[in-house]
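Biologist: I should be grateful for a close look at a single loop in this structure, followed by an account of the helices around that part. Please state how each term is defined.

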Amino acid sequence: MEPQPQGASGGRYYGWVVAWTAFAVLTLAYGVQYCFGVFLPFIQDDLGIPRTQGTLAFAVYVFVYSALSAASGWLTDRKGPRFVLVLGALFLGVGYVLTAMAQSSLQLVLALGFVAGIGMSAAFVPCNATVVRWFLHKRGRALSISTSGSSFAAVLVPLVMGGLVDRFGWRTLYVVGAAVAAAT
């Protein structure tokens, strides 16, 4: 569906669906990311690694997804947001499954830091670039909705996962996160 000027259809404006969909995508994508702090003690115990090795994986992850966000913007302009989001979801899903399978700090860095980091780089920029294209008026309000998905995730998802990690384990929850990321 192509963006239309607000009110052109005579009914509700579809751009709001786009903004709330971006909110949902960012909530789910960032939700798993923000769970790392909750999972870290369990990862350390399971892999027998010190905190510094565990946090190295997350530091690489943040660096990779931040550095590649410019590339995801470029790719969004050339191939469209759907292509970039699907590609990112695949990398994020595979990265989280590989994270759940990690048996060493090196595997954790490769899986979470690089593979999932590549996937995460394709979330924020394409979602918000799409929202901007749908709005001539009320663009700020629409962006506030979409971007707040990542903040909403920081509050909600770690609380939920923190209540589940003792029961299901960090590996299972990363696989669930992978399925959600890929499906979203």
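Modeller: K138 has a relative accessibility of 47% and therefore counts as partly exposed; buried is under 20% relative accessible area, exposed is over 50% and partly exposed lies in between, with a 1.4 Å probe and protein chains only. The model is predicted, so local features need pLDDT of at least 70 and side-chain atom pairs count only at pLDDT 80 or more, whereas totals for chains, interfaces and linings use all residues. Residues are numbered from 1 along each chain as its sequence is written, and side-chain values use heavy atoms, with hydrogens and water left out.

K138 sits in the loop between α6 and α7; helices (H or I, at least four residues) and strands (E, at least two) are DSSP runs numbered from the N terminus. Although K138 is not a glycine, its phi is positive, at about 60°. Most residues other than glycine have a negative phi.

On one side of this loop, helix α6 (residues 124–134) contains V132. This valine, V132, is partly exposed because its relative accessibility is 28%. Apart from neighbours within four places in sequence, V132 is in contact with R139 and L143, where contact means heavy atoms within 4.5 Å. V132 and A142 are separated by 10 residues in sequence, and their C-alpha atoms are 7.8 Å apart.

On the other side, α7 (residues 139–168) meets α8 (residues 170–183): their axes come within 7 Å and cross at roughly 125°. Axes are lines fitted to C-alpha atoms, for helices over the stretch in contact, and angles between N-to-C directions run from 0 to 180 degrees. The crossing angle therefore makes α7 oblique to α8; under 35 degrees is roughly parallel, over 145 roughly antiparallel, 65 to 115 roughly perpendicular, and the rest oblique. M161, L164, V165 and F168 of α7 make this contact with W170, T172 and L173 of α8.

F39 links to both of these helices: leaving out residues up to four places away in sequence, F39 touches M161, V165, W170, L173 and Y174. Both F39 and Y174 are among the residues that touch the most other members of the largest nonpolar core, which has 47 residues. Such a core is a set of buried Ala, Val, Leu, Ile, Met, Phe, Trp, Tyr and Cys residues joined through side-chain atoms within 4.5 Å. Helices α6, α7 and α8 are among those that each supply at least two residues of this core, while α1 gives the most, with nine residues.
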